[in-house]
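Hi everyone, thanks for coming along. Today I'd like to walk you through one protein, starting with the whole chain and ending with a few single residues. Have a look at it first.

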Amino acid sequence: MKQTINEYQFTEAFKRIRPNNFSYEGLKALFEWFEELENDTGEEMELDVIAICCEFTEYENLKQYNDEYNNECEEIDEIADDTTLIKIDNERFIIQQY
């Protein structure tokens, strides 16, 4: 049995289970990304908040990412060469852990 959820229900699920993993804007970007993935693949996704929190990380800026990955990227778009990149705004972004 599956239930279709909207953006509000998606963000509320994270607020209840893992409220500090992603910003509100980050959750909106993640929801849009998962919706696009479902549309592109034709497969419904199961909402597993814990799995998403383990698989994806939000970064405030490129410096934070470079420090954590011991990397020297000069542009956010360079990250897309290594993993899934979900932009939130001009500085913040989410990646799929690798």
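Let's begin with contacts across the chain. Take the contacts between residues at least 6 apart in sequence: 57% of them join residues at least 24 apart. Please keep in mind that what you see is a predicted model.

Now, what is the protein built from? There are 4 helices and 3 strands. If you read along the sequence, the pattern is α-α-α-β-α-β-β.

How about its overall dimensions? The C-alpha trace spans about 45 × 30 × 20 Å along the principal axes. The radius of gyration is 14 Å, and since a compact globule with 98 residues would come out near 13 Å, the two agree. As for what is tucked away, 36% of the 98 residues count as buried.

Let's move to a pair of helices. In general, two packed helices are described by the angle between their axes and the distance between the axes. Here the pair is helix α1, residues 7–17, and helix α2, residues 24–41, and they pack at an angle of about 125° with their axes 10 Å apart. Because of that angle, α1 is oblique to α2. The crossing of α1 past α2 is right-handed.

Which residues meet there? From α1 we have E7, F10, T11 and F14, and from α2 they meet Y24, L27, K28, L30, F31, E32 and F34. Sort the residues of this contact by character and you get 7 nonpolar, 1 polar and 3 charged.

Let's pick T11 from that group. T11 sits in helix α1. Is T11 buried or exposed? It counts as buried, because its relative accessibility is 2%. Setting aside residues up to four places away in sequence, T11 touches Y24 and L27.

Next stop, strand β1, where we find Y59. With a relative accessibility of 0%, Y59 also counts as buried. Which residues does Y59 contact, once we leave aside neighbours within four places in sequence? The list is Q64, Y65, E68, Y69, E91, R92, F93, I95 and Q97. Look at F93 in particular: Y59 and F93 are 34 residues apart in sequence, yet their C-alpha atoms are 5.5 Å apart in space.

Now follow the chain to N61, which lies in the loop between β1 (56–59) and α4 (62–69). N61 has a relative accessible area of 27%, so it is partly exposed. Beyond its neighbours within four places in sequence, N61 is in contact with E91 and F93. You may remember that E91 and F93 are also among the contacts of Y59. One further pair to find on your screen is N61 and E74: they are 13 residues apart along the chain, and their C-alpha atoms are separated by 11 Å.

My last residue is N70, in the loop between α4 and β2 (85–87). Its relative accessible area is 75%, so N70 is exposed. What is the sign of phi for N70, positive or negative? It is positive, near 50°, and N70 is a residue other than glycine.

To recap the residues: T11 is buried, Y59 is buried, N61 is partly exposed, and N70 is exposed. Try finding each of them yourself, and thanks for listening!

Definitions and conventions. Residues are numbered from 1 along each chain as its sequence is written. This is a predicted model: local features need pLDDT of at least 70, side-chain atom pairs count only at pLDDT 80 or more; totals for chains, interfaces and linings use all residues. Side-chain values use heavy atoms; hydrogens and water are left out. Axes are lines fitted to C-alpha atoms, for helices over the stretch in contact, and angles run from 0 to 180 degrees between N-to-C directions. Helices (H or I, at least four residues) and strands (E, at least two) are DSSP runs, numbered from the N terminus. Angles under 35 degrees count as roughly parallel, over 145 as roughly antiparallel, 65 to 115 as roughly perpendicular and the rest as oblique. A crossing is left-handed if the near helix is turned anticlockwise from the far one by less than a right angle, and right-handed if clockwise. Contact means heavy atoms within 4.5 Å. Ala, Val, Leu, Ile, Met, Phe, Trp, Tyr, Cys and Pro count as nonpolar, Asp, Glu, Lys and Arg as charged, and the others, Gly among them, as polar. The radius of gyration is taken over C-alpha atoms; the globule rule is 2.2 Å times the number of residues to the power 0.38. Buried means under 20% relative accessible area, exposed over 50%, partly exposed in between (1.4 Å probe, protein chains only).
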